[in-house]
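Thanks for sharing this one with me. Here are my notes, written as numbered points so that you can check them against the view.

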Amino acid sequence: MNHRLPDGSDPGTLLITGAGRGIGAATALAAARLGRDIVLNYARDEQSARAVAESIRAIGRKATIIQADVGRGEDIRRMFDTIEHEIGPLHGLINNAGITGPIGPFTDTAQATIEHVFQVNVLGAMQCAREALSNFRRHGTQGVIINVSSIAARTGSPGEYVHYAASKAALDAFTLGLAKEVAAEGIRVCGLAPGSTLTDIHAAAGEPARPARIAPGIPLGRLAQPAEIAEAIAWLASPAASYVTGTTLVCAGGL
Ligand code: NAP
């Protein structure tokens, strides 16, 4: 398939944070199928990130893996320095890495958990966005930033993770404001709010059986597969969505 843009150029390289597993890994594969080269960021699970990179190369696109904890500013700086030296221009950033902390009522949630969730989901995403904008401007690319939000920003997630919902609402406001700020440069900023999706995130939150518990409350009657969310993110990041900016698309099975 010819993935060149109408002007003959390549659609370019996307950095996806948290791309070793779950929605990030599925997005890497979906975007590679649309002709993108991928920089895969992961925090701890190098083996999974390597496996995703192999699958991308099998599609015929380039894949690079970079370890960095996006909850740590120095890791983010090192990641973007590596990109600058080894890759050069970026054409997009998918701020996908996100955590919930343990499931439970807000009053039982430790202050350290709240701070860590905001550090990764909000401050990390903001710093990655600043670094990506610097890269776009340095190389003259009209890049795109996609912030992976959550339906939680609209439901508030009572009894489960109110702090997480609040972090995603902050990300949505960031998407809106930053999009307007950089639109005149031809840079797009969008959000994608998944509904509950079949990934490891529920087990990591302490309730592996959460999908079965919540499925009946979803109009489509089931959770999303990661690939169903990934297709929407890959489209938003593609030139096919060239007039979409400043909005967060909800992909949540009818919620
Ligand atoms: P997941 O299956 O738990 O995978 C998380 C990924 O993020 C892993 O690749 C992990 O890397 C990486 N990661 C975690 N903390 C990181 C950090 N500090 N720095 C860099 N990478 C980090 O998660 P998911 O369900 O795919 O979620 C992806 C995004 O979708 C998140 O922003 C989440 O909030 C959002 N979302 C998910 C759901 C859902 O139901 N799954 C619903 C709405 C929104 P390692 O493998 O190296 O640990």
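The points below cover the salt bridges first and then the internal space.

1. A reminder before the details: this is a predicted model. The count of salt bridges in it comes to 16, and I have picked out a few for a closer look.

2. Please start with Asp 37 and Arg 61, whose side chains meet in a salt bridge at 3.1 Å, N to O. This pair joins distant parts of the chain, with the two positions 24 residues apart in numbering: Asp 37 belongs to strand 2 (residues 37-42), while Arg 61 sits in the loop between helix 2 (46-59) and strand 3 (63-67). Are the two partners buried or exposed? Asp 37 counts as buried because its relative accessibility is 11%, under the 20% limit. Arg 61 is buried as well, since its relative accessible area is 18%.

3. Next comes a local pair. Arg 78 forms a salt bridge with Asp 75, and their closest N and O atoms are 3.6 Å apart. Both residues lie in helix 3 (residues 73-86), three residues apart, or about one turn of the helix. Their surroundings are worth a look: Asp 75 is buried at 9% relative accessible area, whereas Arg 78 is partly exposed at 36%.

4. That pair does not stand alone. Arg 72, Glu 74, Asp 75 and Arg 78 are linked in a network of salt bridges, so please view these four side chains together.

5. Glu 185 and Arg 137 make another salt bridge, with the closest N and O atoms 2.7 Å apart. Here too the pair links distant parts of the chain, 48 residues apart: Glu 185 is in the loop between helix 6 and strand 6 (188-194), and Arg 137 is in helix 4. Both ends count as partly exposed, Glu 185 at 33% relative accessibility and Arg 137 at 48%.

6. Now to the interior. How many cavities of 30 Å³ or more are there? The count comes to one, and the space in the largest cavity is about 70 Å³. It is lined by 13 residues, and those closest to its centre are Asn 95, Asn 96, Ala 97, Val 120 and Ala 125.

7. Which helix gives the most to this lining? Helix 4 does, with five residues. Helix 4 (111-139) and helix 6 (162-182) each supply at least two residues. By class, the lining of the largest cavity has seven nonpolar residues, five polar and one charged.

Definitions and conventions. Residues are numbered from 1 along each chain as its sequence is written. This is a predicted model: local features need pLDDT of at least 70, side-chain atom pairs count only at pLDDT 80 or more; totals for chains, interfaces and linings use all residues. Side-chain values use heavy atoms; hydrogens and water are left out. On a 1 Å grid over the protein atoms alone, a cavity is a set of points where a 1.4 Å probe fits but cannot get out, and a pocket is an open set with protein on both sides within 12 Å along at least five of seven lines; lining residues have an atom within 4 Å of a point. Grid points are joined across faces, edges and corners, and a volume is the space filled by probe spheres set on the points. Helices (H or I, at least four residues) and strands (E, at least two) are DSSP runs, numbered from the N terminus. Ala, Val, Leu, Ile, Met, Phe, Trp, Tyr, Cys and Pro count as nonpolar, Asp, Glu, Lys and Arg as charged, and the others, Gly among them, as polar. Buried means under 20% relative accessible area, exposed over 50%, partly exposed in between (1.4 Å probe, protein chains only).
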